[in-house]
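Trainee: I should like to learn how to read the interior and the backbone of a protein model. May we go through one together?

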Amino acid sequence: MKTLKWLKAATVCAALILTLGTIASAAIGGELEIFSWWAGDEGPALEALIELYESKYPEVTVINATVTGGSGVNAKAVLKTRMLGGDPPDAFQVHAGQELIGTWVVAQRMEDLTWLFEEEGWFEVFPDDLFDLLSTEEGIWSVPVNIHRSNVLYFIPENLERWGVEAPSTWDEFLEIAPKLMNQGVIPMSLGENWTATHLWESVALSELGPDKYGDLWNGELSWTSPEVVGVWELFGEILEYTNPDAPSLSWQQATDMIVEGQAAFNIMGDWASGYLSVTLNVQPVTGYGWAASPGTEGMFMALSDLPVGSPNRDNTIAWLKTIGGLDGQDSFNPLKGSISARIDSDLTKYDLYLQSAASDYQTGQIVGSLAHGVVANERFMNDFATVMDIFLANKDARAAANAAHIVAIQSGMTK
């Protein structure tokens, strides 16, 4: 698997992709159902995109079918029931990479969209390496609407100054300042429910393994039982000692709230948190909140993408794909979503200071894929890895976790 050049310094970002069923065309009218987990704080971005679509296709009634749940955990369960039951939505959100390809492309539920990319001129406006996420040798299966960075360390500069610490650039630095924060009654690293622990784990893994060995872990060339990977689990366990004990009961938004309210010093989250901070909480970049690459991942961009699939109303869905892949669609959605455009020709003056910074890193950093958001691993591995994570959160046994993940990798066909 090729490594995307823009994944060098960050985690994979989310992109919206629509997939189509091969059915007869219909007039641009009737309904279009959009299934996603972009609800709540992320809702305004999707609503802006729907409003743009409706202005172009006023005869279409859009059904916004959102299912709440961090990182799409609940939505994916509902989607699977509908897809297997023969009731697909016209468009659904799913992460680019193996979450899409390893589930719905291999099941022959997707239409090759190469023709649409040619028709719309998208080969010229999306980075060449992005197609690694969207494609197999048989075709292109999705349309990216956004790019998210996963490996972002968030903090409030004013609070750090008051506590006498600086944002750590390595995990050794974090472990050095964490006791100082604890002595002041401050949680060093806020954490939420299970998937946010996996999200933190992948940043730790990237920092310890580096982008090349991190990639080797997913293509089967680096064993889960190797000393390097056991070391990742050991370091992760040390970091967890400085997180909040009520993490399993918190959403990612609540974990982010902890740094804003001064209960915690740092939080590692994807940059959808930037949208939450600036749009929902009205905390602005630089003046209100600060950010950096997660410790040890400077120069690496961990990315992810979101996708929709389906299509009882094929022509309406194609029109939706054209809207989300278009320049005006991307620039109406992403500033509100807290993500950057997947296109290289967007007007960055429409984006805030954080997103301008992320766009620069996207074009210059080394890109790797996110585990927590379905880029590097198939759905079976991700589901079983969540169980491995639950067990590790309870017992902190690094070698047992590495052995269990190795078995999961074998059972899911990701290694021999």
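Mentor: Please bear in mind that this model is predicted. Let us begin with tryptophan 218, which is in contact with Trp201, Trp224, Leu371, Val376, Ala377, Phe381 and Met414, leaving aside its neighbours within four places in sequence.

Trainee: Which residues have the most contacts inside the largest nonpolar core?

Mentor: The general idea is that nonpolar side chains tend to be buried together in soluble globular proteins. Here the largest nonpolar core has 119 residues, and those with the most contacts inside it are Trp201, Trp218, Trp224 and Trp233. Helix H8, residues 194-219, gives the most to this core, with 11 residues. A second, separate core has 15 residues, including Phe35 and Val94.

Trainee: How should I read the sign of phi in the backbone?

Mentor: In general, most residues other than glycine have a negative phi. In this structure, valine 286 is not a glycine, yet it has a positive phi of about 75 degrees. Lysine 396 also has a positive phi, near 55 degrees.

Trainee: Where do valine 286 and lysine 396 lie?

Mentor: Valine 286 is placed in the loop between helix H11 (272-280) and strand S11 (290-293). Lysine 396 lies in the loop between helix H15 (379-395) and helix H16 (398-411).

Trainee: Why does valine 286 count as partly exposed?

Mentor: The class of partly exposed runs between the cut-offs of 20% and 50% relative accessible area. Valine 286 counts as partly exposed because its relative accessibility is 49%. Lysine 396 has 34% relative accessibility, so it counts as partly exposed.

How values were computed
Residues are numbered from 1 along each chain as its sequence is written. This is a predicted model: local features need pLDDT of at least 70, side-chain atom pairs count only at pLDDT 80 or more; totals for chains, interfaces and linings use all residues. Side-chain values use heavy atoms; hydrogens and water are left out. Helices (H or I, at least four residues) and strands (E, at least two) are DSSP runs, numbered from the N terminus. Buried means under 20% relative accessible area, exposed over 50%, partly exposed in between (1.4 Å probe, protein chains only). A nonpolar core is a set of buried Ala, Val, Leu, Ile, Met, Phe, Trp, Tyr and Cys residues joined through side-chain atoms within 4.5 Å. Contact means heavy atoms within 4.5 Å.
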